[in-house]
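Please read the following report alongside the sequence and the coordinates. The topics are the sheet, one of its strands, a helix, a lysine and some backbone angles.

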Amino acid sequence: MSEHIRTELSDGVLSVTLSRADKKNAITQAMYAALSDAMERAKADDAIRAVLLRAEGDSFSAGNDIGDFIAIGSQTEKPFDMSVFRYLKSLADLDKPLVAAVKGRAVGIGLTMLLHCDLVVVADDALLSVPFVNLALAPEAASSLLLPAAIGHQRAFELFALGEVIDGKTALSWGLANRAVPAGDVDAAAAELAAKVAARAPNSIRKTKRLMRDAEALWVLMQREGEAFGSQMKSPEAMEAFTAFTQKRAPDFSKLG
């Protein structure tokens with residue numbers, strides 16, 4: 001278990017906490033492995049009836065830890081062996097309720113993992129974005145299907161292509177969240193929802209969730225997205241985007257075809 005992922009089981013709810021507040025909860029491969037452990041445990045353990053995903057600090061997640069992702073990705077001959085893909089599969093496979101408590105920024109996978117949650121509580125001033133194209137990358141976590149399904153093609157394309165940021169109130173009105181509340185109330189509101197769903201008939205809940213999702217199809221799409229993401233990571237576009245990111249300037253794609 002990564003030091004940056006904490007878990008606690010109480011009254012049938014497994015709380016999984018991102019605990020890297022000093023780095024805005026940017027996720028490393030070690031953290032993905034620990035998150036995978038938690039989701040796989042939740043699926044297998046009958047004592048767990050719901051999972052509550054939350055974060056410490058003022059941000060839910062800044063997304064991938066870019067340095068860690070590039071370093072490990074460049075050393076991995078088989079990208080699908082990376083811990084991030086194990087985590088994505090665990091999200092697709094999870095057949096128990098997944099509840100999220102989101103404050104501050106939710107960037108990249110910090111947003112796309114919410115598409116796999118069944119109940120989402122956001123702070124009304126939370127800031128959500130999927131700026132993959134800003135880094136010359138491609139969508140992941142089956143978000144190329146799930147985001148348009150949730151909010152419509154045009155809104156999803158704008159978020160993907162322009163990297164636009166939406167606040168919690170907009171996320172609620174667009175259907176990405178169940179509740180938008182003041183930041184100080186997010187954890188309590190999400191915990192209340194998790195407790196309520198954990199008290200429901202567990203087999204009925206699991207069968208309902210399975211009927212609402214096609215886990216195998218989601219995993220197939222995740223792998224297709226992974227291939228696109230991986231090929232883009234090695235592209236001149238991505239090299240320019242990452243260089244610009246480290247130099248704190250806007251990328252220049254004008255000479256790239």
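In which sense do strand β4 (residues 98–102) and β6 pair, and over how many bridges? In this predicted model, the two strands pair in the parallel sense, and four bridges connect them.

## The sheet

The pairing of β4 with β6 belongs to an open sheet of six strands, whose order is β1-β2-β3-β4-β6-β9 and whose pairing is mixed. At the edges of this sheet stand β1 and β9, each of which pairs on one side only. From one strand to the next, the twist averages 15 degrees.

Elsewhere in the sheet, β2 and strand β3 (residues 50–55) run parallel and are joined by six bridges. Within this pair of strands, S15 stands opposite L52 in β3. As a general point, strands of a sheet pair through backbone hydrogen bonds, in either a parallel or an antiparallel arrangement.

## Strand β6

Strand β6 (residues 119–123) is mostly covered, with five of its five residues buried. The side chains are divided between two directions: L119, V121 and A123 point one way, whereas V120 and V122 point the other way, and all of them are buried.

On the β4 side of the pairing, A101 stands opposite V121 in β6. With strand β9 (residues 179–181), β6 is joined by three bridges, and these two strands also run parallel; here the bridge partner of A123 is V181 in β9.

## Helix α6

In helix α6 (residues 153–162), the buried residues are A156, L159 and F160. Seen down the helix axis, the buried residues of α6 fall within an arc of 95 degrees, and therefore they line one face of the helix. This can be set beside the general geometry of an α-helix, which has 3.6 residues a turn, so that residues three or four places apart point the same way.

The buried residues of α6 pack against α5, β8 (166–167) and α7 (168–174), while on the other side of the helix Q154, F157 and L162 are exposed. Just after α6, G163 takes a positive phi of about 65 degrees.

## A buried lysine without a salt bridge

K96 lies in the loop between α3 (83–93) and β4. Is K96 buried or exposed, and which side chain of opposite charge is nearest? K96 is buried, yet it has no salt bridge, and the nearest side chain of opposite charge is that of D46, 4.6 Å away. With a cut-off of 4 Å for a salt bridge, the separation of 4.6 Å between K96 and D46 does not qualify.

Leaving aside residues up to four places away in sequence, K96 touches A42, K43, D45, D46, I48, R49, D118, R206 and K209. The contacts of K96 thus include the acidic residues D45, D46 and D118 as well as the basic residues K43, R49, R206 and K209.

## Positive phi outside glycine

Most residues other than glycine have a negative phi. Against this background, D11 has a phi near 55 degrees, and A136 has a phi near 60 degrees, both being positive values in a residue other than glycine.

D11 is placed in the loop between β1 (5–10) and β2 (13–18), and it counts as exposed because its relative accessibility is 76%, where exposed requires over 50%. A136, in the loop between β7 (127–129) and α5 (143–151), counts as buried because its relative accessibility is 6%, where buried requires under 20%.

Key. Residues are numbered from 1 along each chain as its sequence is written. This is a predicted model: local features need pLDDT of at least 70, side-chain atom pairs count only at pLDDT 80 or more; totals for chains, interfaces and linings use all residues. Side-chain values use heavy atoms; hydrogens and water are left out. Buried means under 20% relative accessible area, exposed over 50%, partly exposed in between (1.4 Å probe, protein chains only). Two strands pair if DSSP finds at least two bridges between them. Axes are lines fitted to C-alpha atoms, for helices over the stretch in contact, and angles run from 0 to 180 degrees between N-to-C directions. Contact means heavy atoms within 4.5 Å. The arc is that of the directions from the helix axis to the C-beta atoms.
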